[in-house]
Amino acid sequence: MTTAIRRADRRVSPVFLALAAVMAVSGWAVWNGTLGEYTGVAVFSFVVSGWVVSLCLHEYAHARTALHSGDISVEAKGYLTLNPLKYTHALLSIVLPVIFVIMGGIGLPGGAVFIERGRIRGRWRHSLISAAGPLTNILFAAVCTAPFWLHALAGVPAVFRYALAFLALLQVTAAILNFLPVPGLDGYGVLEPWLSRKVRRQVEPLAPFGLLAVFVFLWVPEVNRVFFDLVDAILRGLGVSDLETFIGQQYFRFWQGAPQLPQTGGLF
């Protein structure tokens, strides 16, 4: 009986499989251009489903690392099923990040799985659990940009390339923001085990406001400019141009109409 329960606790959720299916079908539609004037809708579906899939993998990485570090409670909580509905804060983990993507094209991280830290022994393990999530975003970004940095774009439809570029941008923004040493974010979780107990007690009340503070600062034009300059620099290093991510975002915002594509340049 116990073995059967454990298998159920680790079985991939139908909810996640449905999300992956939406990503695959919409990606196929973008690649083939089957929706014609509604291509933007396909790009939107592909990017949003891909973004939610990456969020699920982000939280799964936290939970899986915690499991191997001593917190066996993550199984019973359903965190290993990749089901976003099992997260402690589904609103913060899924809904708000998607809203931020739609509003500003920012892969803003959210709260997620609850780890019973008392079960974990060793500061390095605590830090690794926190780092596992944003490292997944980095890996996802590497996969999205692989055709660019491998110079394997021959035969890849332009619109699909733009959609991949914008999805990669979201992963890079998520990784950077998650690694910020701000209370409530993974970057602080990496740092926290190495701080004194006194400092941790003083900082703890600030944790619920960390994400909000990041969101507010990103609306400051100077901060926003510096942040996206860094994001663009990283993407250029991976072979993705600013123009490709921009056009990808324009397709994503299909409700604003068809993007105005340049008639010259090497992207077409």
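The paragraphs below walk through a predicted model, going from its salt bridges to some buried residues and then to a patch on the surface.

We begin with charged side chains. Across the whole structure, a search finds five salt bridges. One of them is formed by the side chains of Arg119 and Asp71, with 3.6 Å between N and O. This pair ties together distant parts of the chain: Arg119 sits in the loop between α5 (90-104) and α6, whereas Asp71 sits in the loop between α3 (39-69) and α4 (73-76), and the two are 48 residues apart. The two partners can also be described by how much of each is accessible. Arg119 has a relative accessible area of 39% and is therefore partly exposed. Asp71 has a relative accessible area of 0%, so it is buried.

Arg119 takes part in another salt bridge, with Glu116, where the closest N and O atoms are 2.6 Å apart. Glu116 is partly exposed, because its relative accessible area is 25%.

A further salt bridge is found between the side chains of Arg236 and Asp242, at 3.0 Å from N to O. Arg236 has a relative accessibility of 45% and so counts as partly exposed. Asp242, with a relative accessible area of 34%, is partly exposed as well. Elsewhere, salt bridges with shared partners connect Asp71, Lys77, Glu116 and Arg119 into one network.

Which residues does Ser73 contact, leaving aside its neighbours within four places in sequence? They are Glu116 and Arg119, and both of these belong to the network just described. Ser73 itself is part of helix α4. Its side chain also joins that of Asp71 through a polar contact of 2.4 Å. Asp71 thus appears in both a salt bridge with Arg119 and a polar contact with Ser73. With a relative accessible area of 9%, Ser73 falls under the 20% limit and is therefore buried.

Another serine can be read in a similar way. Ser26 is located in helix α2, which covers residues 14-32. Its relative accessible area is 7%, so Ser26 is buried. A polar atom of the Ser26 side chain lies 2.6 Å from the backbone oxygen of Val22. If residues up to four places away in sequence are not counted, Ser26 touches Ala42, Ser45, Phe46 and Ser49.

Next comes helix α6, made up of residues 123-149. Pro134 has its place in this helix. Is Pro134 buried or exposed? At 0% relative accessibility, Pro134 counts as buried. Its contacts, with residues up to four places away in sequence left out, are His58, His62, Ala175, Asn178, Phe179 and Asp186. Pro134 and Gln171 are 37 residues apart in sequence, and their C-alpha atoms are 8.8 Å apart in space.

Thr136 is found in helix α6 too. Its relative accessibility is 17%, and because this is under 20%, Thr136 counts as buried. Outside its neighbours within four places in sequence, Thr136 is in contact with Leu57, His58 and Ala61. His58 is thus touched by Thr136 and by Pro134. The C-alpha atom of Thr136 is separated by 9.0 Å from that of Glu59, a residue 77 places away along the chain.

The cysteines raise a question about covalent links. A disulfide is a covalent bond between the sulfur atoms of two cysteines. How many disulfides does the structure hold? The number is zero. Two of the cysteines can still be placed by their accessibility. Cys56 has a relative accessible area of 0% and so is buried. Cys144 is buried because its relative accessible area is 5%.

Finally, we turn to the surface. Leu35, Tyr38, Val41, Phe254 and Trp255 make up a nonpolar surface patch of about 470 Å². One of these residues, Phe254, is found in the segment after α12 (242-252). Phe254 has a relative accessible area of 34%, so it is partly exposed.

Methods:
Residues numbered from 1 in each chain as written. Predicted model: local features only at pLDDT ≥ 70, side-chain atom pairs only at ≥ 80, totals over all residues. Heavy atoms only, no water. Helix = DSSP H or I, 4+ residues; strand = E, 2+ residues; numbered from the N terminus. Buried < 20%, exposed > 50% of the residue type's maximum accessible area, 1.4 Å probe, protein only. Contact = heavy atoms within 4.5 Å. Salt bridge = Lys/Arg side-chain N within 4 Å of Asp/Glu carboxyl O. Polar contact = N/O pair within 3.5 Å; in protein donor to acceptor, adjacent residues only side chain to side chain. Disulfide = S-S within 2.5 Å. Patch = residues over 30% accessible without salt bridge, like charges linked within 9 Å, V, L, I, M, F, W, Y side chains within 5 Å. Areas by Shrake-Rupley, 256 points an atom, 1.4 Å probe, with all protein chains shown as cover.
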